[in-house]
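Dear colleague,

I am handing over the structure we spoke about, and I would be glad if you could look through it with the notes below at hand.

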Amino acid sequence: MKQFAEDNYQDIITKLKKIRAVKAPERLVAHVQKTLIPSLPISAVPLLQSSLFSMQAFAVTTLLVVTSSAGILIASQQSRSGDVLYPVKQKVEKIQQLFDRIPAIGKLLDFRNIKTKSVPEVIDFIQYQKQDLQKRVEMQLEDQVIPILKDVPKIVPTVSNETLLIPTVSLPSILVK
Amino acid sequence: MLNWLSSDIFLIRRLKHGDSDAFGKLYLKYLDSIYRYIYFRVGQKQELAEDLSETVFTKAWENITKFKEHRGTLKAWLYMIAKNVVVDHYRKAKPTIALDENITGVNSVIETEIEKNEDIRQLMSCLNQLTTEQKQVITMKYIEDMSNQEIAQILNKQEDAVRALQHRALQKLRELLK
């Protein structure tokens with residue numbers, strides 16, 4: 001459809017925006033605060049941990065797993081069936097399929113991109129993704145990605161450093177704090 | 001950090017664990033917006049808009065575990081509940097009348113300052129003469145400042161269709177205001 005010119009209706013739009021001043025009556029706000037909220041049934045689901053703590057801990061943990069394993073993960077892309085790193089390659093493929101539906105996180109594991117970036121660029125990238133993780137897709141990661149990644153650390157110690165194609169990137173201290 | 005603490009994702013997470021304080025914060029954050037939407041949907045009837053607004057948030061509390069962040073914003077989800085609550089109200093209350101009563105006058109029991117402004121009063125009266133969809137689109141786009149993407153999601157329409165509705169609604173308002 002051809003874009004219509006909103007400018008032709010600017011006078012009406014300006015008046016419409018003034019209607020935003022219509023607010024919920026004070027008595028409704030008071031009723032909500034004094035009666036409704038206190039009467040809400042308490043959920044049977046307990047608060048196991050402080051949400052803030054668990055979200056921060058989760059984001060840092062995820063970054064630790066992903067960044068400390070980056071070299072292994074890149075190396076695994078060349079592996080074939082029977083190789084030590086082949087199970088990692090399979091996991092990466094599974095995750096990449098998942099991340100096709102979550103573009104922001106997909107960037108985090110775009111290994112070819114990370115390989116061509118300098119360390120400061122990677123650090124910036126990780127810091128950006130840390131915010132992104134917290135704010136946008138933390139729930140999906142928690143539910144779906146961690147179960148897939150949990151076996152990677154078990155595989156990593158069996159691979160010698162010589163196997164790696166590029167060095168791993170150290171996690172910046174600011175993220176570990 | 002303060003922004004994060006007041007963000008929807010943080011509040012939702014606490015809500016899903018049954019935190020009624022978080023619900024209170026969320027309620028107050030969106031109450032005006034949801035109230036306005038319902039107020040214009042029900043022919044600017046203040047008491048009815050209050051009752052239905054309360055119903056919207058009660059349903060939100062009961063169903064918060066069904067809300068999926070990756071499928072859209074919390075605001076859009078609340079609007080979808082509001083839309084359904086209004087439809088349910090008219091379905092149960094008076095099945096023989098149209099969904100939106102075409103009331104040309106402003107029915108508020110208590111006049112607010114904004115309604116005392118003659119221009120705005122006339123515009124609010126004209127809003128009641130739009131079709132249901134036109135009214136919804138105009139309210140969400142120009143009063144609530146929502147994106148076409150969010151509106152399309154709530155109304156289950158393509159963005160092009162939303163733009164077309166906006167255009168037709170503004171044209172009709174122009175004619176009504178002459």
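What follows is an account of what was found in it, beginning with how far it can be trusted.

Please bear in mind that this is a predicted model, with an ipTM of 0.72 and a pTM of 0.55. For chain A the mean pLDDT is 60, and 27% of its residues reach 70 or more, whereas for chain B the mean is 81, with 84% of its residues at 70 or more. Within chain A, the helix with the lowest confidence is α10(A), residues 173-176, at a mean of 43, while α1(A) has the highest, at 88. Two stretches of chain A deserve caution: residues 43-54, where pLDDT stays under 50 and the model has 10 contacts beyond four places in sequence, and residues 159-177, where the pLDDT is also below 50 and the model shows 31 contacts beyond near neighbours in sequence. Chain B has a stretch of this kind as well, residues 96-110, with pLDDT under 50 and 30 contacts beyond four places in sequence. Where pLDDT is low, the predicted coordinates should not be read in detail. Among the helices of chain B, confidence runs from a mean of 52 in α1(B), residues 2-5, which is the lowest, to 93 in α10(B), which is the highest.

Turning to the fold of chain B, there are 10 helices and 0 strands. Of its 178 residues, 35% are buried, and among contacts in chain B with a separation of 6 or more, 62% join residues that are 24 or more positions apart.

The largest nonpolar core has 51 residues, and the members that touch the most others are I34(B), I38(B), V56(B), L78(B) and A82(B). Helix α3(B), residues 20-41, gives the largest share of this core, with 11 residues. As a general background, nonpolar side chains in soluble globular proteins tend to be buried together. If you would like one residue from which to explore the core, I38(B) may serve: apart from its neighbours within four places in sequence, I38(B) is in contact with A49(B), L52(B), S53(B), A82(B) and V86(B).

Three of those partners, A49(B), L52(B) and S53(B), are among the buried residues of α4(B), which also include Q46(B), E54(B), V56(B), F57(B) and A60(B). The cover over these buried residues includes α2 of chain A, together with α3 and α5 (74-93) of chain B. The length of α4(B), residues 46-63, agrees with expectation, because its 18 residues at 1.5 Å a residue should span 26 Å, and its end C-alpha atoms are 26 Å apart.

Helix α8(B), residues 132-143, is another element to look at, and V137(B) lies in it. V137(B) counts as buried because 29 other C-beta atoms lie within 10 Å, the cut-off for a buried residue being 20 or more. Leaving aside neighbours within four places in sequence, V137(B) is in contact with I151(B), V162(B), L165(B), Q166(B) and A169(B). Of these, L165(B) is 28 residues away from V137(B) in sequence, yet their C-alpha atoms are 6.9 Å apart. In α8(B) as a whole, 9 of the 12 residues are buried, so the helix is largely enclosed by the rest of the structure. Its buried residues pack against α1 of chain A, and also against α3, α7 (118-127), α9 (148-155) and α10 (159-177) of chain B. Just after α8(B), D145(B) takes a positive phi of about 60°.

A smaller point concerns α2(B), residues 8-15, in which L11(B), I12(B), R14(B) and L15(B) are buried. These residues cover an arc of only 165° around the axis, and they therefore lie on the same side of α2(B).

Finally, there is the pairing of the two chains, in which 32 residues of chain A are in contact with 40 residues of chain B. On the side of chain A that touches chain B, α1 (10-18), α2 (26-39) and α8 (119-149) of chain A each supply at least two residues. By class, that side has 22 nonpolar, 4 polar and 6 charged residues.

With kind regards

Note on methods:
Residues numbered from 1 in each chain as written. Chains lettered and ligands numbered in written order. Predicted model: local features only at pLDDT ≥ 70, side-chain atom pairs only at ≥ 80, totals over all residues. Core = buried A, V, L, I, M, F, W, Y, C linked by C-beta atoms within 7 Å. Helix = DSSP H or I, 4+ residues; strand = E, 2+ residues; numbered from the N terminus. Contact = placed C-beta atoms within 7 Å. Nonpolar A, V, L, I, M, F, W, Y, C, P; charged D, E, K, R; others polar. pLDDT = per-residue confidence, 0-100. Expected span 1.5 Å × (residues − 1). Arc of directions from axis to C-beta.
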